[in-house]
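Q: Please take a close look at one part of this model and explain how it is packed. Work outward from there to the rest of the chain, and keep the reasoning explicit.

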Amino acid sequence: MLNSYDRVLIVGCGTCVAVCHTGGERAVNLLGTTLRLARKVEGRDIEIGEQTVIRQCDFEYLDQVQNVDKYQVILSLACGVGIQGMARKFPNIPVLPGVNTTFMGFNEEYGYYTEMCKGCGECILDVTGGICPIARCAKSLLNGPCGGTNNGKCEIDLTRDCGWILIYDKMNNMGQRDKFMKINGPKNHRKANNLRYMDLRNWI
């Protein structure tokens with residue numbers, strides 16, 4: 001992506017991606033050093049700026065990005081939302097992704113995340129014990145496990161716990177198996193992926 005550019009601004013994000021070691025200040029410094037060394041080996045010059053803001057998904061913090069005009073391109077080390085935020089903030093300069101965003105996860109332990117939510121827009125956590133079947137079931141089934149679950153594991157990935165077994169065990173432990181028996185209707189996929197904006201100003 002950067003092959004045709006010789007003035008690059010790398011912008012890191014100091015929150016989520018920083019915690020998982022892909023987009024914080026340290027990652028910006030390492031990437032900048034790596035790019036300089038690679039260009040030196042090629043016998044080509046490159047000017048690299050390095051900045052990190054608290055969040056790239058909020059215009060308030062993008063105001064802190066300085067001297068953008070002296071660069072040809074921005075390489076953002078934020079998630080997909082932050083990269084798009086940067087592109088909106090600076091519409092006259094290319095903004096390239098420096099990371100691949102795969103999911104919204106819970107930080108189980110240092111550097112290890114479990115996918116917890118797909119942002120489907122039609123939450124049913126109230127009847128599934130706080131465990132999302134859309135994210136935790138490989139097939140995103142809404143009404144119990146498929147026929148392939150075996151010993152509590154998913155047939156698609158035998159190292160992965162079956163989401164619906166997790167839900168059943170949780171509901172059983174809470175004495176709420178009656179909720180487990182509730183039939184969930186078909187998902188309205190128009191509520192997800194097609195959202196253009198969410199105005200929370202009147203909710204506060």
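**Helix 6 and its surroundings**

A: The residues of helix 6 that are buried pack against helix 5 and helix 7; like everything that follows, this is read from a predicted model. The buried positions of helix 6 are G163, W164, I167 and M171. Because these four cover an arc of only 90° around the axis, they lie on the same side of helix 6.

The end of this helix deserves attention. Helix 6 (163-173) is separated from helix 7 (177-180) by a loop that contains M174. M174 counts as partly exposed, because its relative accessible area of 38% falls between the limits of 20% and 50%. Along the chain M174 is 45 residues away from G129, yet the C-alpha atoms of the two are separated by 8.4 Å. G175, which also follows helix 6, has a positive phi near 70°.

On the other side of helix 6 in sequence, S140 sits in the loop that leads from helix 5 (133-136) to helix 6. Its phi is positive as well, near 55°, in a residue other than glycine. Most residues other than glycine have a negative phi. S140 is partly exposed, because its relative accessibility is 27%. N67 shows a positive phi too, of about 55°, although it is not a glycine; N67 belongs to the loop between helix 3 (59-62) and strand 3, and it is exposed, because its relative accessible area is 55%.

Helix 5, against which the buried residues of helix 6 pack, also takes part in the second largest pocket, since helix 5 and strand 6 (112-117) are the elements that give two or more residues to its lining. This pocket has a volume of about 270 Å³, and among its lining residues are F103, E108, A135, R136, D161 and L166. Strand 6 supplies four residues, the largest share of the lining. T114, one of the lining residues, is located in strand 6 and is buried, because its relative accessible area of 16% is under the 20% limit. Apart from neighbours within four places in sequence, T114 is in contact with F103, M104, G105, F106, E108 and R136.

Turning to enclosed space, the structure holds one cavity of 30 Å³ or more, and the largest cavity has a volume of about 80 Å³. It is lined by 14 residues, of which C137, A138, C146, C154 and C162 are the closest to its centre.

For comparison with helix 6, consider helix 4 (residues 80-89), which packs on the sheet and touches strand 1, strand 3 and strand 4. Here the buried residues are G82, I83, G85 and M86, and because they fall within an arc of 160° when seen down the axis, they line one face of the helix. Strand 1, helix 3, strand 3 and strand 4 are included in what covers them, whereas V81, Q84 and R88 are exposed on the face turned away from the buried side. In direction, helix 4 makes about 170° with strand 4.

The sheet beneath this helix is open, and its four strands, with parallel pairing, follow the order 2-1-3-4. Its edges are formed by strand 2 (47-53) and strand 4 (95-97), each of which pairs on one side only, while neighbouring strands are turned by 25° against each other on average, direction ignored. Strand 3 (residues 73-76) runs parallel to strand 4 and is joined to it by three bridges; in strand 4, P97 is the bridge partner of S76. Helix 2 (residues 25-42) lies across strand 1 (7-13), strand 2 and strand 3, and runs at about 170° to strand 2.

To return to the starting point, helix 6 keeps its buried residues on the same side, because they cover an arc of only 90°, and those residues pack against helix 5 and helix 7.

Key
Residues numbered from 1 in each chain as written. Predicted model: local features only at pLDDT ≥ 70, side-chain atom pairs only at ≥ 80, totals over all residues. Heavy atoms only, no water. Pairing = 2+ DSSP bridges. Axes fitted to C-alpha atoms, helices over the stretch in contact; angles between N-to-C directions. Contact = heavy atoms within 4.5 Å. Buried < 20%, exposed > 50% of the residue type's maximum accessible area, 1.4 Å probe, protein only. Arc of directions from axis to C-beta. 1 Å grid on protein atoms, 1.4 Å probe; cavity = no way out; pocket = protein on both sides within 12 Å on 5 of 7 lines; lining within 4 Å. Points joined across faces, edges and corners; volume = space filled by probe spheres on them.
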